[in-house]
Amino acid sequence: MRIADLGTLSGEVLCFGGPLSNLQAMQALVGEAARHGLGMRNVICTGDTVGYCANPAQTVALMRASGFACIKGNVEQQLATGALDCGCGFSPGSTCDRLSAGWYAHANAHVPRDARDWMEDLPDMALFAHEGRRYAVVHGGFTNVSRFLWPSSSHTEFALELAAIQAAAGPVDGVIAGHCGVAFERDINGIHWINAGVIGMPPHDGRSATRYTTLHADGARFHDLIYDAPSAVAAMLLAGLTQGYDQALHTGVWPSEDILPKEMRQ
């Protein structure tokens, strides 16, 4: 388990997750960081640079060129080790599990060796201080990189993850997470668990905009990311990635609700 210390960050901090091979979304995020006037030290990714969309190699190359801090998501972990599946934590045989075979095979065929070496060297967790608070950055959970924690997950589930984080890294005031694809904030015994959302896929809310988060002295703010979705869809069609995630970029509705808690299903 590798833990990186990013030091003390001043001013606004932009956090995001899951570019998911969506090059157009990653390009838009780089533009948002510039619009906010942020240097590379103040932009942090929660992992899964690669995923459902068409341009894994180009998206990784842009992430690396940006200099943004990034931790290892389950997809980076799997690609770095040469695994044959995404390690997303989908139930075996579920629709999400079957659909993942298509996009992961595309990613596995197109991510070059040097990008996998970069993934292998990424930290599993990062720490930083900001505005008098100490934060940990994880992907899904600390006990399991692909753990799905939702806005409605039990207090106990969050508390167990927080206990594991603090056992490894010491006291924290907040956690920045990703993986589940939905931006939200929960207060767990006075500690803020902030899912920064993902930029590569809408959060199953019927809109094409994706999400990112900024940290300020008064807390977290969630933002829509507007990007060139038609071009991202066209790239997926050209690559033969037509399992339904291509349409999700337009409709904002995921092709399967297998992993979602009942209250989030449409």
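Here a trainee and a mentor talk through two helices and a strand in a predicted model.

Trainee: Why is helix 2 called oblique to helix 5?

Mentor: Start with the axes: helix 2 (residues 56-66) and helix 5 (residues 113-121) cross at roughly 55°. Oblique is what remains outside the bands under 35, 65 to 115 and over 145 degrees, so helix 2 counts as oblique to helix 5. Their axes come within 11 Å, and the crossing is left-handed.

Trainee: Which residues in helix 2 and helix 5 meet?

Mentor: From helix 2 you have Val60, Met63 and Arg64, and they meet Asp114, Ala115, Trp118 and Met119 in helix 5. By type, that contact splits into five nonpolar and two charged residues, with no polar ones.

Trainee: What makes strand 10 largely enclosed by the rest of the structure?

Mentor: Buried means under 20% relative accessible area. Seven of the seven residues of strand 10 (residues 210-216) are buried, so the strand is largely enclosed. Both faces are covered: Thr210, Tyr212, Thr214 and His216 lie on one side, with Arg211, Thr213 and Leu215 on the other.

Trainee: How do you know that strand 2 and strand 10 pair?

Mentor: Pairing takes at least two bridges. Strand 2 (residues 13-16) and strand 10 have three, in the antiparallel sense. In one pairing across strand 10, leucine 14 has threonine 214 as its bridge partner.

Trainee: And how many bridges join strand 10 to strand 11?

Mentor: Seven, with strand 10 and strand 11 (residues 219-225) running antiparallel. Leucine 215 is bridged to alanine 220 in strand 11. Strand 10 and strand 11 form a hairpin, with two residues between them.

Technical notes: Residues are numbered from 1 along each chain as its sequence is written. This is a predicted model: local features need pLDDT of at least 70, side-chain atom pairs count only at pLDDT 80 or more; totals for chains, interfaces and linings use all residues. Side-chain values use heavy atoms; hydrogens and water are left out. Axes are lines fitted to C-alpha atoms, for helices over the stretch in contact, and angles run from 0 to 180 degrees between N-to-C directions. Helices (H or I, at least four residues) and strands (E, at least two) are DSSP runs, numbered from the N terminus. A crossing is left-handed if the near helix is turned anticlockwise from the far one by less than a right angle, and right-handed if clockwise. Contact means heavy atoms within 4.5 Å. Ala, Val, Leu, Ile, Met, Phe, Trp, Tyr, Cys and Pro count as nonpolar, Asp, Glu, Lys and Arg as charged, and the others, Gly among them, as polar. Buried means under 20% relative accessible area, exposed over 50%, partly exposed in between (1.4 Å probe, protein chains only).
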